[in-house]
Amino acid sequence: MKRRDFAARVSLGTLGTILGTPIVYGHLMPKDYVPLALQNTDPFKLFNKDKEMVVLNDKPWNMEARAHLLNDAITPNRYMFIRNNGKIPENIDAENWTLTFDGEAVANPKTYSLAELKSKFKHYTYQLTLECGGNGRSEFNPPAKGNQWTVGAVSCANWTGVRLRDVLNDLGISSNAVYIGYHAADTHLSGDPTKEPISRGVPLTKAMQEETLLAFQMNGNDIPLAHGYPLRLVCGGWPASASGKWINKISIRNKVHDGAKMGGSSYRVPCETVAPGTEVDKSNMCIIESMPVKSLITYPKSGALLKLGQRININGHAWAGELEVSRMEYSLDFGSTWNVCELKKPANRLAWQHFNAAISFSKKGYYEIWARATDQNGKSQPMVLPGWNPKGYLNNACHRIAVKVV
Ligand SMILES: Nc1nc2c(c(=O)[nH]1)N[C@H]1C(S)=C(S)[C@@H](COP(=O)(O)O)O[C@H]1N2
Ligand SMILES: [Mo]
């Protein structure tokens, strides 16, 4: 739509200027036609994504999965959501990629080449759940600005890399270190080279966990470009914004990292629950850390037609940030009664857990299947929207799908 408007507004001469050469038969071009050279590349081909993925924005690229696409135990690239804040770096030179450590809590800044990181430190592989803090934003009212994620901004891939803590120990950090902040090679949409699109981080305690990786592989291959090639910080169980892609620097801070999107209402929620629409003072906004308990039904697909008497196995995943999910239930009667699902243990800490349940329906008609996870502390997903917050984060309401029995 936007592209057509654009073509309708600009003159032939301007189009030629953009292309850097005149369009020879331009006067014969159909009205509103956009020359191929100016059309956006097909994002599905560009990023190797399934055609059923949903593009939410193209500047920057943001794309989410639909629930049924996330049925795999380990999320393959083609179903992994993309969340970018800026422009994906171009001309990445992995051979000469480096990671620099600096900041108040480093006596001597040090730079490691990617090759050195790979050869000097032991490699580890973990399945790590990454969910965007804004997943589920589309349901909030009053609505929150930003990408209107529904349920598909979550993934759990196999990440391979070295432990950040092994590198920090090698480097030697000061006793006043409290936080780390990443810096990356993506560029600000404005084109201003002095601005970073995003530079977030985590407290040192999270940075030192065994599962916190400087990853160079995803699902056994180089990390796909959109997901941070050639080097990515992965902090499972926390808002995925903490997992910096294309990282080239980590600052070890003696205070909470103050990079782009660390302050204001970015990735923060009111420290205490507020009424919808409330204006919250900056000083009462707290940084999101471990993500809340949540689950997703990935089979059947919402809208499925099922045969009367047919037994089906519903399945999906459940996760709870730093915690384990201890119970998984489903309801067929709008939450009046709940039945227990079989729930697997996570492959490792911070990996999502798979659930399934055999169900059958007694009558023809419309049904909804609701799913509810409970974490190890006994906290369950709310049935409807949880606490409203200005940026629409942390919607962990029960996932619901509709099916028809015929
Ligand atoms: N350098 C960089 N890292 C980034 C981002 C970004 O825009 N630039 N987006 C963050 C956000 S908000 C999310 S939700 C995740 C998305 O990861 P994915 O695109 O691999 O799914 O990356 C995080 N890391
Ligand atoms: Mo995000």
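Student: Which strand gives the largest share of the lining of the second largest pocket?

Tutor: In this predicted model, E16 gives the largest share of that lining, with 4 residues. E16 spans 294–299. Strand E24 (399–405) also supplies at least two residues there.

Student: What makes a residue such as His399 count as part of that lining?

Tutor: A lining residue has an atom within 4 Å of a point of the pocket. The second largest pocket has 23 lining residues, and His399 is among those nearest its centre, as are Thr150, Val151, Leu296 and Arg400. His399 therefore meets the cut-off.

Student: How do you know where the second largest pocket lies relative to domain 2 (82–287) and domain 3 (294–405)?

Tutor: Both domains give residues to its lining, so the second largest pocket lies between them.

Student: Which domains does the lining of the largest pocket draw on?

Tutor: At least three residues come from each of domain 2 (82–287) and domain 3 (294–405). The lining has 28 residues, with Val269, Pro292, Lys379, Leu394 and Asn396 nearest the centre. Strands E14 (268–270) and E15 (285–287) each give two or more.

Student: Why is Lys379 called charged and Val269 nonpolar?

Tutor: Lys counts as charged and Val as nonpolar, so the two residues fall into those classes. By class, the lining of the largest pocket has 17 nonpolar, 7 polar and 4 charged residues. For the second largest pocket the lining has 9 nonpolar, 9 polar and 5 charged residues.

Student: What are the volumes of the two pockets?

Tutor: The largest pocket has about 680 Å³, and the second largest about 350 Å³.

Methods: Residues are numbered from 1 along each chain as its sequence is written. Chains are lettered from A and ligands numbered from 1 in the order in which they are written. This is a predicted model: local features need pLDDT of at least 70, side-chain atom pairs count only at pLDDT 80 or more; totals for chains, interfaces and linings use all residues. Side-chain values use heavy atoms; hydrogens and water are left out. On a 1 Å grid over the protein atoms alone, a cavity is a set of points where a 1.4 Å probe fits but cannot get out, and a pocket is an open set with protein on both sides within 12 Å along at least five of seven lines; lining residues have an atom within 4 Å of a point. Grid points are joined across faces, edges and corners, and a volume is the space filled by probe spheres set on the points. Domain bounds come from an automatic or database domain assignment.
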